[in-house]
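The exercises below concern one protein model. Work through each task before reading its solution.

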Amino acid sequence: MKATPAVNKVVNQVPTLALRGITVFPGALFHFDVGRQKSIRAMEYAMANGQRIFLVTQRDVSVDDPGQEDLYSMGTYCKVRQILKIPGDNIRVLVEGKQRALLRGICGGEPFLTADIELLPEISINRITKRDQASLRNAQELFMEYTTLMPQTASDIIMQVMAARDPGTLSDYIAQNVQMNFENKQMLLELQDPRRRMALLLRLLAQEIEILQLEQDIQEKVKTQMDKGQRDYYLREQIKAINEELGEGEDASQEAQEYLDKIAAKNLPAEVEEKLVKEVKRLSKMQSSSPESGVSRSYLDVCLDLPWTETKKENDDIKKARAILDEDHYGLEKVKERILEFFAVKNLTGGVKGQILCLAGPPGVGKTSVARSIARCMGRDYARLSLGGVRDEAEIRGHRKTYIGAMPGRIITALRQAGSRNCLILVDEIDKLGSDYKGDPASALLEVFDTEQNVAFRDHFVELPFDLSDVLFITTANDKNAIPGPLLDRMEVIDLPGYTDVEKVQIAKRHIIPKQLKKHGLRAQNLRLDDDALTMLISCYTREAGVRSMEREIAKLCRKTAKYMNETGKHSLHFTTQNLPQYLGTPPFKPEQPLEAPECGVVNGLAWTSAGGEMLEVEAIAVDGTGKIVLTGNLGDVMKESAQAAVTYLRSRAEVLGLPADFHTKKDIHIHFPEGAVPKDGPSAGITTATAVFSALTGRPVAKNIAMTGEITLRGRVLAIGGLREKTMAAYRNHAVTVIIPEENKKDLDDIDPLVRENLTFILVSHMDQVLDTVFELHHAASAPEKEDPVPAIPPQVNVSHTPRTTIRQ
């Protein structure tokens, strides 16, 4: 053979496209899709400038932005025939391979690849020998054998192959139209000698045919196996139908054995194991398609999931428990003290059974989170069930499994969820239970919470005794008065009265602000909130016992900070009392103002609300009239009766107190409680009302730094009241200095916030005369009332506090 020499031509800065997984040969028309933006720009440039482009295959298809080292050195110089846009921002191109080209170097990467290439002329064969003809025919025969294995080959391709007479052209054409990996195709492209290229093609084509034959054999075997599998399945279904008719199903026996193995592995109590084995035997005799078998399977699954003997090792380190409780919650000392007492007793006795606690308090004070924290500090598994709106007894005891779709009750479901018998179960919203014709769920809970009965609690679905004595039940309620009496009697109630403003500040700093910063992707230095601004947020933008509204407002500040940082590019936002309304809007609640000058007939009373406590003014005015008593301010019956008792007391003591004897016939008394749209009730405004009426009748003003609370009787005795902690916090917040409280509430002074005790003077009174002596400094020498109800004298002050500001007069 003699090769015709050719002169190589160099072309500079040719638009270049890197191909992934494909190779284009000279003389072939080939279409493919282009998706990379560089490649699209290269195609568009080539189409607009001579239609010439250099196509070269990249070595690794996973490289998205290839360089020269990622490309093969041999490619094809092509002509772009057509470009079509297709959906997805891609294009489909049709190219025609012209001649081989050698990549000399990449000379540009933007906006598309450009390269310097060397065009390689095609080597032609001057004289076709018999060996060349044999190779040609061999290639055609192998290609025909290939098409029998790949029937989707187009007929015009077959005609072109059979009509070919040049070995080099035929090699390129077959290589372009045969499915083989791009590495093999690249080897063929890089061979310029037609005879060597034909020899390599024959070897690769023979290998490809052998692979296709193996694939075909594998497919035939798979099909044969599938046909056999389908036949076996059909026969098994027939056998199954026959066995179902006979009640001797093989599958049922296998399923029964699996259940028996699980029962043996669980180490169940003897009574439970015996019951479950009987149920398995019943299941093995049932038809698998019957509804009863489904109920039986559900029953076995539920029973085997219950923690009959599984317990979890508990934490017995009381210091660690205290640290966890303090970490999770600020304040709530009563709850923490009770849990630590539980720890101490458990460590001494080895176990404490029958503990049922009820956390009672307004929404948002942390009842549910406290229960979760208790479970964590004790090392117990935790499960929660909510009883709000539950009216069906079956929700507690479960449904009898005689019904299709029967389910266990919520107690058993919670035990399955917890996975251990010494878990902590939170029973939420127990004060919102209902009842109807389906039964009373509160009565069903009596067995659960009774420590003498719950050692053998029987769920209607399970029908087996389960020992609940190791379970620590914690219930929550907003109003403990709404809990049925027999149920309340079984629980130890711990009141969570709500947080003071001082506690809310600490909770916000320690828990809520870090939590919301993390939730909003912020850091501590991004949001700066002054202490005064935080106090303003609590007092002027929220009015609640808990902290939910405060958390929402802090979350709003976090969103404002994120928006501010994105818009301005700055890294922090500082909130002060001056700019807080700019971000949160006008405060919905009026800030507490300093006390005004004394007025006649106006006295500061203290009231408990679900939001904590408030100081409100009680106004009284006496005008000429016929002795009518007018009460206004949206008052309840108890509050009206308390006001009438206060007036009656003043009438009975008119001579001693220096009041006109006929004021009840010549004066009309109007008693008003401001904020008339807000309903008010309760007896604790009795001494406040009596003091206001006395001031109005005598014209003596009452100092605005005095606040009082207490129930009054007709004989003038002052009785105990509730909510002292919240009321005293309201007095402190409103700049009061002296607070008059019933003597019977002396025991409650220890529960008052230390900051409040340091800044208020408490005066304990047992009779209304003492209230008037304190407020107006009467110190009269009048005769005392009857001997059966003497008025106590006023002894000197007695200091009962560790701080110098807290004194008690009685």
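**Exercise 1. Identify the residues with the most contacts inside the largest nonpolar core, and the helix that supplies its largest share.**

Solution. A nonpolar core is a set of buried Ala, Val, Leu, Ile, Met, Phe, Trp, Tyr and Cys residues joined through side-chain atoms within 4.5 Å. Buried means under 20% relative accessible area, exposed over 50%, and partly exposed in between (1.4 Å probe, protein chains only). The largest core has 53 residues, and Ile 374, Ile 474 and Leu 557 have the most contacts inside it. Helix 18 gives the largest share of this core, seven residues. Helices (H or I, at least four residues) and strands (E, at least two) are DSSP runs, numbered from the N terminus. A second, separate core has 51 residues, including Leu 306 and Cys 423.

The model is predicted: local features need pLDDT of at least 70, side-chain atom pairs count only at pLDDT 80 or more, and totals for chains, interfaces and linings use all residues. Residues are numbered from 1 along each chain as its sequence is written, and side-chain values use heavy atoms, with hydrogens and water left out.

**Exercise 2. List contacts of Ile 474, leaving aside neighbours within four places in sequence.**

Solution. Contact means heavy atoms within 4.5 Å. With those neighbours left aside, the partners of Ile 474 include Leu 357, Ala 371, Ile 374 and Val 427.

**Exercise 3. State which helix contributes most to the lining of the second largest pocket, and give the lining's make-up by class.**

Solution. On a 1 Å grid over the protein atoms alone, a pocket is an open set of points where a 1.4 Å probe fits, with protein on both sides within 12 Å along at least five of seven lines; lining residues have an atom within 4 Å of a point. Helix 12 supplies the largest share of the lining, five residues. By class there are eight nonpolar, nine polar and nine charged residues. Here Ala, Val, Leu, Ile, Met, Phe, Trp, Tyr, Cys and Pro count as nonpolar, Asp, Glu, Lys and Arg as charged, and the others, Gly among them, as polar.

**Exercise 4. Is Asn 267, a residue with positive phi, buried or exposed?**

Solution. Most residues other than glycine have a negative phi. Asn 267 has phi near 55 degrees. Asn 267 sits in the loop between helix 7 (250-266) and helix 8 (270-284). Its relative accessibility is 60%, so Asn 267 counts as exposed.
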